[in-house]
Every structure is written in structure tokens, then in C-alpha cells.
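Student: I have a model open and want to learn how to read it. Can we take it feature by feature?

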Amino acid sequence: MTLLTAPSVSPSVPEVSADERAARLIEAGSAWGARIGADPTTAQLTYRVSGEGEGSVASSIRAGKHTFLVDEPGALAGDDVAASPVEYALGALISCQIVVYRLYAQGLGIQVDDIRIDAEADLDARRLFGIDETVRAGFSDVRLTITITGSESEERYQQLRDVVDAHCPVLDLFANPTPVSAVVRSA
């Protein structure tokens, strides 16, 4: 049996009223707008995340002050103590979409009382296991279902979706090739 670092207790997200959320979104948007207006180079952000292998195929990931586990189900040699890398990828897409929906709804004056996004994605494991090199290793299709509650028309929510899709960083990662470089070194 493989023992992994015990996952930390998930932090609870504080309750925030619609007015508090609106104020925070306006404040953040104004601050970023002023900062970038004064110095466009401040728009360039670099994210640093690191990870180390644990257990059978799990990884302990550190992102700033946050640490989380990533694993695989037993069928993929994992201990199933955490979501898989592809599930985290879908979670990243969903969470980024929610942020950008809230940000642009506020900016466009579109009422969004609540938002829920469900994702489904198809992955052909033949490439992963070296069985068929002609199929894609990653997702072949990702489907999002966005459920918004509020008093706006379907047309207004579709307008919001178009704006969100044009500005969501993680959707851009999914939809467009991103150069990746890697260096392997021995310790």
C-alpha cells in the first residue's frame, strides 16, 4: 500500500453578497486598468508552479502558498486520492470561465445571480498507452454547459458568452496551440 501526504482540509470560501462581489470586481478591474494604463509591461504575468511525484503516480503540486494533490484512478495505476490531471484541467477551464463570466457580466451590466458550468471531455487512451500514435493524446472534444440564473434574456446571456469566450485565458489554452519548451536534467 502506498501512503501519500495527507491532503490538507479544503478551505471554505467565504460567503459574499452580490453587492460585495460587484464591488470587488469593479475595484479589481479599475486597479488593473489603471496599473496597465500607467505601465503596459505590468500586464505581463509569469506563473510558477512546481510538482513532485508521490506514491504510485500521484503528484504534490505547489502553486504559491497552495499545495494540492493530483492522482489517477486505480485503472491508471493511481491510488485515486485526488482528481486526475485531465480533471484538474477541466476544473481550471470551469473556474476560469466562472471568473470571466462574473467579471464581464459586471462590466456589461448583465445580471448574473448564479452560475454553474458542467464539463464533459473525450479522451482516447490509445495514444497514452502507445497503442495508436495517430490519435490525439489530449481531449478530442470538450463540451461545456453553462447554466446562468438571472433576469436577462437568452440573447443577453449569449452576448456575455461571446465576450467571455474571447477573453478567457484557460479557454484560450484549450482552443489554441501554446508553445511549450522542456528541459530534462539529472539531479
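Student: How many residues of each class, nonpolar, polar and charged, make up the lining of the largest pocket?
Tutor: Sort the lining residues by class and count. This is a predicted model. Here the lining has 30 nonpolar, 8 polar and 2 charged residues.

Student: How much space lies in the largest pocket?
Tutor: Read the volume next. The largest pocket holds about 1,700 Å³ of space. It is lined by 40 residues. Those closest to its centre are Ala92, Cys96, Pro169, Val170 and Leu173.

Student: Which elements give two or more residues to that lining?
Tutor: Map the lining onto the secondary structure. Three helices appear: H1 (18-38), H2 (85-108) and H5 (169-175). Strands E1 (49-54), E2 (58-63) and E5 (139-149) also contribute two or more residues.

Student: Which element provides the largest share of the lining?
Tutor: Helix H2 does, with 12 residues.

Student: Let me step back to the whole fold. How many helices and strands are there in the protein?
Tutor: Count the elements, then read their order along the chain. The protein has 5 helices and 5 strands. Starting at the N terminus, the pattern is α-β-β-β-α-β-α-β-α-α. For overall extent, use a box along the principal axes. The C-alpha atoms fill one of roughly 50 × 35 × 35 Å.

Student: Now the sheet. What is the order of its strands?
Tutor: List the strands by who pairs with whom. The order is E1-E2-E3, in an open sheet of 3 strands with antiparallel pairing. Then look for strands that pair on one side only. Those edge strands are E1 and E3 (66-70). Twist comes after that. From one strand to the next, it averages 20°.

Student: How many bridges join E1 to E2?
Tutor: There are 6, and the two strands run antiparallel. Follow the partners residue by residue. Glu52 sits opposite Ser60 of E2. Gly53 has Ser59 as its bridge partner in E2. Glu54 faces Ala58, also in E2.

Student: Which residue takes a positive phi in the hairpin of E1 and E2?
Tutor: Check the backbone angles between the strands. Gly55 has a positive phi near 55°. This hairpin has 3 residues between its strands.

Student: And on the other side, how many bridges join E2 to E3?
Tutor: Repeat the exercise there. E2 and E3 are joined by 5 bridges and run antiparallel. Ser60 has Leu69 as its bridge partner in E3. Recall that Ser60 also stands opposite Glu52. The hairpin of E2 and E3 has 2 residues between the strands. In that hairpin, Gly64 takes a positive phi near 65°.

Student: Last topic, helix packing. At roughly what angle do the axes of H2 and H4 cross?
Tutor: Take the distance between axes, then the angle. The axes of H2 and H4 (residues 154-167) come within 9 Å and cross at roughly 120°. H2 is therefore oblique to H4.

Student: Is the crossing of H2 and H4 left-handed or right-handed?
Tutor: Handedness completes the description of a crossing. For H2 and H4, the crossing is right-handed.

Notes. Residues numbered from 1 in each chain as written. Predicted model: local features only at pLDDT ≥ 70, side-chain atom pairs only at ≥ 80, totals over all residues. Heavy atoms only, no water. 1 Å grid on protein atoms, 1.4 Å probe; cavity = no way out; pocket = protein on both sides within 12 Å on 5 of 7 lines; lining within 4 Å. Points joined across faces, edges and corners; volume = space filled by probe spheres on them. Helix = DSSP H or I, 4+ residues; strand = E, 2+ residues; numbered from the N terminus. Nonpolar A, V, L, I, M, F, W, Y, C, P; charged D, E, K, R; others polar. Pairing = 2+ DSSP bridges. Axes fitted to C-alpha atoms, helices over the stretch in contact; angles between N-to-C directions. Parallel < 35°, antiparallel > 145°, perpendicular 65-115°, else oblique. Left-handed = near helix turned anticlockwise from the far one by under 90°.
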